[in-house]
Amino acid sequence: MEYDKTTPVPNHCIADFSLVPIGTKDVSFAKEISQVARMAKLSGLRVDIHQVGTVIEGPWARVTEVIGQAHTMLHRQGIVRIQTDIRITTRTDREQAMNEPVEKVSNLMESDG
């Protein structure tokens with residue numbers, strides 16, 4: 001199999017990413033994460049934060065672009081190194097909103113009680 005640069009990317013995705021500034025003077029990076037979340041929300045994409053990361057939903061190209069823009073924004077503030085772990089989920093059978101799996105599990109937890 002050869003690489004085919006004309007292969008399209010998925011239309012829709014949900015990305016869970018954890019961005020970590022490295023080498024800052026403070027062990028907390030809540031300020032930086034709040035800036036990232038604010039910028040992501042201003043992008044018009046659906047965004048939610050949780051204890052150890054940020055979830056963003058939308059078109060593949062736009063989601064990955066916003067994560068890249070978050071890196072650039074923090075680099076421009078003087079943060080020299082950033083490490084980001086990203087998990088991306090896609091579906092081909094239907095478009096799934098990021099809150100659906102959480103609601104399904106919550107409902108199952110309540111009914112299993």
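Biologist: Buried means under 20% relative accessible area, and exposed means over 50%. This model is predicted. Does Leu74 count as buried or exposed?

Modeller: Start with its place: Leu74 lies in helix α2. Its relative accessibility is 0%. The cut-off for buried is under 20%. Because 0% falls under that cut-off, Leu74 counts as buried.

Biologist: Which residues does Leu74 touch, leaving out residues up to four places away in sequence?

Modeller: Some of the partners come from far along the chain. Gln35, for one, is 39 residues from Leu74 in sequence, yet their C-alpha atoms are 8.7 Å apart. With residues up to four places away left out, the list for Leu74 is Leu19, Glu32, Gln35, Val36, Ile79 and Ile82.

Biologist: Now take Asn11. Is Asn11 buried or exposed?

Modeller: Asn11 is found in the segment before β1. Its relative accessible area is 70%. The cut-off for exposed is over 50%. Because 70% passes that cut-off, Asn11 is exposed.

Biologist: Which residues is Asn11 in contact with, apart from its neighbours within four places in sequence?

Modeller: Ile82 gives a sense of distance here. Asn11 and Ile82 are 71 residues apart in sequence and 27 Å apart in space, C-alpha to C-alpha. The contacts of Asn11 beyond four places in sequence are Gly58, Pro59 and Trp60.

Biologist: Let us turn to the core. Which element gives the most residues to the largest nonpolar core?

Modeller: In soluble globular proteins, nonpolar side chains tend to be buried together. Here the largest nonpolar core has 17 residues, and those touching the most other members are Phe17, Leu19, Val36, Ile56, Val63, Val66 and Leu74. Two or more residues come from each of β1 (12-22), α1 (30-42) and α2 (60-76). The top giver, with 5 residues, is α2.

Biologist: Val63 is one of those core residues. Which residues is Val63 in contact with, leaving aside neighbours within four places in sequence?

Modeller: Nearby positions in sequence are set aside first. What remains for Val63 is a list of six names. They are Cys13, Ala15, Leu45, Ile56, Glu57 and Gly58.

Biologist: On to the strands. Why is β1 described as largely enclosed?

Modeller: Count its residues: β1 has 11. Then count how many are covered. β1 is largely enclosed by the rest of the structure because the number buried is 8 of the 11.

Biologist: How many residues of β3 are buried?

Modeller: Strand β3 covers residues 53-59. That run holds 7 residues, and the strand is mostly covered. The number buried is 6.

Biologist: Which residue in β3 is the bridge partner of Ala15?

Modeller: β1 and β3 pair in the antiparallel sense over 6 bridges. Asp16 has Val55 as its bridge partner in β3. For Ala15, the partner in β3 is Ile56.

Biologist: Which residue in β3 stands opposite Arg46?

Modeller: Strand β2 (residues 46-50) runs antiparallel to β3, and 5 bridges join them. A hairpin of 2 residues links the two strands. Val47 has Ile56 as its bridge partner in β3. Opposite Arg46 stands Glu57.

Biologist: Which residue in β4 stands opposite Pro21?

Modeller: β1 also pairs with strand β4 (residues 81-89). The sense is antiparallel, over 9 bridges. In β4, the residue facing Pro21 is Ile82.

Biologist: Step back to the protein chain. What pattern does it follow along the sequence?

Modeller: The chain has 3 helices and 4 strands. Its C-alpha trace spans about 50 × 45 × 30 Å along the principal axes. Read along the sequence, the pattern is β-α-β-β-α-β-α.

Biologist: What share of the 113 residues is buried?

Modeller: The chain exposes about 8,200 Å², and carbon and sulfur atoms supply 53% of that area. Residues under 20% relative accessible area count as buried. Of the 113 residues, the buried share is 29%.

Note on methods:
Residues numbered from 1 in each chain as written. Predicted model: local features only at pLDDT ≥ 70, side-chain atom pairs only at ≥ 80, totals over all residues. Heavy atoms only, no water. Core = buried A, V, L, I, M, F, W, Y, C linked by side-chain atoms within 4.5 Å. Buried < 20%, exposed > 50% of the residue type's maximum accessible area, 1.4 Å probe, protein only. Contact = heavy atoms within 4.5 Å. Areas by Shrake-Rupley, 256 points an atom, 1.4 Å probe, with all protein chains shown as cover. Pairing = 2+ DSSP bridges.
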